[in-house]
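Let's work through a few short exercises together. Keep the sequence and the 3D view open as you go.

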Amino acid sequence: LLFVFRLSETAGSDSSNACMAAVITTSAGGLCSLYLVAKTWRRDLMPSLGLILCGSAVRILIAGAGIAIITFFTDLNKSWYIFYVGIFYVLFLLVDTGLALWMLSHCSRNDEKEPCVHGNLWDMVG
């Protein structure tokens, strides 16, 4: 994050301002997404998967809303802003996905076999 911000300063003040706005936008989305993923710590597998998908949707919605608001209502350089949002979105996506995969490898699974409730041939044989 700091490396990209330092590189943005070499392109001028327009690029630096757009980078700072992108950091704020994607950090808000990334932290909300990480919060939802962290809520499933040591829980069952299915609620964990559901909240991981919800976290991804929240990150996309916050990034999209931030892009819409900042490009329409501010005088920042739009191309630099969208460029930096893309870079930081990918960085938060990698961190969020890595955490989610690590958490899924440590989730508990319900390996209990369900009772034969459907009454079909597969339930009777299996």
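**Exercise 1. How many aromatic pairs does a search of the whole structure find?**

Before solving it, here are the ground rules. This is a predicted model, where local features need pLDDT of at least 70 and side-chain atom pairs count only at pLDDT 80 or more, while totals for chains, interfaces and linings use all residues. Residues are numbered from 1 along each chain as its sequence is written, and side-chain values use heavy atoms, leaving out hydrogens and water.

Step 1: Rings of Phe, Tyr and Trp (its six-membered ring) pair if their centres lie within 6.5 Å; planes under 30 degrees apart are stacked, over 60 edge-to-face, and the rest tilted.

Step 2: The search finds three aromatic pairs.

Step 3: One of them joins Trp80 and Tyr84, which are stacked at 5.6 Å centre to centre with 15° between the planes.

Step 4: Ring pairs also link Trp80, Phe83 and Tyr84 into a cluster.

**Exercise 2. Describe where Trp80 and Tyr84 sit, along the helix and relative to the surface.**

Step 1: Trp80 and Tyr84 are about one helical turn apart, because they lie four residues apart in helix H4.

Step 2: Buried means under 20% relative accessible area, exposed over 50%, and partly exposed in between (1.4 Å probe, protein chains only).

Step 3: Trp80 has a relative accessible area of 30%, so Trp80 is partly exposed. Tyr84 has 4%, so Tyr84 is buried.

**Exercise 3. Which helix gives the most residues to the largest nonpolar core?**

Step 1: A nonpolar core is a set of buried Ala, Val, Leu, Ile, Met, Phe, Trp, Tyr and Cys residues joined through side-chain atoms within 4.5 Å.

Step 2: The largest such core has 12 residues, including Val4, Ala22, Ile70 and Tyr84.

Step 3: Helices H1 (2-9), H2 and H4 (78-105) each supply at least two residues of this core, and H2 gives the most, with five.

Step 4: Now zoom in on Ala22. Not counting residues up to four places away in sequence, Ala22 touches Tyr81, Tyr84, Val85 and Phe88, where contact means heavy atoms within 4.5 Å.

**Exercise 4. Which helix has the lowest mean pLDDT, and which the highest?**

Step 1: The protein has five helices and zero strands; helices (H or I, at least four residues) and strands (E, at least two) are DSSP runs, numbered from the N terminus.

Step 2: pLDDT is the predictor's confidence in each residue, from 0 to 100.

Step 3: Helix H5 (residues 121-125) has the lowest mean, 55, and helix H2 (residues 13-38) the highest, 88.

Step 4: Where pLDDT is low, the predicted coordinates should not be read in detail.
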